[in-house]
Amino acid sequence: MSAPPAPPLLLASRSPQRRAILEQLGLPFEAIVPQYEEELTGADPVVEVERRAQGKARSVAGVAGQRPVLGVDTEVVLAGRVYGKPAD
């Protein structure tokens with residue numbers, strides 16, 4: 001007897017690039033646009049990225065049920081200089 005299939009991942013993102021990555025990996029998922037206002041607090045860039053990713057995931061968790069939720073954020077930082085989000 002085999003285990004039931006895992007529920008599809010819930011992607012908290014509007015990014016077509018993130019959708020493409022999950023499709024290339026062959027992972028079943030459903031994308032939902034997060035209801036999260038991004039605001040900069042001036043904290044360390046790593047802390048900012050983690051906080052925004054968590055906020056996005058939490059904003060859709062109410063509809064997730066038992067599905068795992070993936071919240072992601074990107075910030076370009078090189079040699080201590082913060083460049084921000086990539087344009088494309």
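**Exercise 1.** In this predicted model, decide whether arginine 51 is buried, partly exposed or exposed, and then describe its salt-bridge partner.

*Solution.* Begin with the accessibility of arginine 51, whose relative accessible area is 26%. Buried means under 20% and exposed means over 50%, with partly exposed in between, so arginine 51 is partly exposed. Next, turn to the partner: the side chain of arginine 51 meets that of glutamate 48 in a salt bridge, with a distance of 2.9 Å from N to O. Glutamate 48 has a relative accessible area of 4% and is therefore buried. Finally, place the two residues along the chain: both belong to helix H2, which covers residues 45–60, and they stand three residues apart, about one turn of the helix.

**Exercise 2.** Find which residue forms a salt bridge with arginine 52, and explain why the pair ties together separate parts of the sequence.

*Solution.* The partner of arginine 52 is glutamate 75, and the closest N and O atoms of the two are 2.4 Å apart. Glutamate 75 is located in the loop between strand E3 (69–71) and strand E4 (76–78), whereas arginine 52 belongs to helix H2, so this pair ties together parts that are 23 residues apart in sequence. As a last step, consider accessibility: arginine 52 has a relative accessibility of 2%, and it therefore counts as buried.

**Exercise 3.** Describe the salt bridge between aspartate 73 and lysine 56, and state which network of salt bridges includes these two residues.

*Solution.* The side chains of aspartate 73 and lysine 56 meet at 2.8 Å, N to O. This pair links distant parts of the chain, since aspartate 73 is in the loop between E3 and E4 while lysine 56 is in helix H2, 17 residues away. Aspartate 73 is buried, with a relative accessible area of 8%, and lysine 56 is also buried, at 9%. Both residues belong to a network of salt bridges that links Glu48, Arg51, Arg52, Lys56, Asp73 and Glu75. In the whole structure, a search finds six salt bridges.

**Exercise 4.** Work out what lines the largest pocket and which element gives the most to that lining.

*Solution.* Start with the volume of the largest pocket, which is about 440 Å³. Its lining consists of 19 residues, and those that lie nearest the centre are Ser13, Ser15, Arg18, Lys56 and Lys85. Sorted by class, the lining contains eight nonpolar, four polar and seven charged residues. The element that gives the most to the lining is H1, with four residues.

**Exercise 5.** Determine whether leucine 25 is buried or exposed, and name the surface patch to which Leu25 belongs.

*Solution.* First, locate leucine 25, which lies in helix H1, a helix made of residues 16–25. Its relative accessible area is 57%, and because exposed means over 50%, leucine 25 is exposed. Together with Ile21 and Leu27, Leu25 then forms a nonpolar patch on the surface, and the three have about 290 Å² of accessible area together.

**Exercise 6.** Set these details into the whole protein by stating how many helices and strands it has and in what order its elements run.

*Solution.* The secondary structure comes to two helices and five strands, and from the N terminus on, the order of the elements is β-α-β-α-β-β-β. Along its principal axes, the C-alpha trace spans about 55 × 25 × 20 Å. Of the 88 residues in the protein, 25% are buried.

Note on methods:
Residues are numbered from 1 along each chain as its sequence is written. This is a predicted model: local features need pLDDT of at least 70, side-chain atom pairs count only at pLDDT 80 or more; totals for chains, interfaces and linings use all residues. Side-chain values use heavy atoms; hydrogens and water are left out. Patches are made of residues with over 30% relative accessible area and no salt bridge: like charges are joined within 9 Å, nonpolar side chains (Val, Leu, Ile, Met, Phe, Trp, Tyr) within 5 Å. Accessible areas come from the Shrake-Rupley method with a 1.4 Å probe; for residues, only the protein chains shown count as cover. A salt bridge is a side-chain nitrogen of Lys or Arg within 4 Å of a carboxyl oxygen of Asp or Glu. Buried means under 20% relative accessible area, exposed over 50%, partly exposed in between (1.4 Å probe, protein chains only). On a 1 Å grid over the protein atoms alone, a cavity is a set of points where a 1.4 Å probe fits but cannot get out, and a pocket is an open set with protein on both sides within 12 Å along at least five of seven lines; lining residues have an atom within 4 Å of a point. Grid points are joined across faces, edges and corners, and a volume is the space filled by probe spheres set on the points. Ala, Val, Leu, Ile, Met, Phe, Trp, Tyr, Cys and Pro count as nonpolar, Asp, Glu, Lys and Arg as charged, and the others, Gly among them, as polar.
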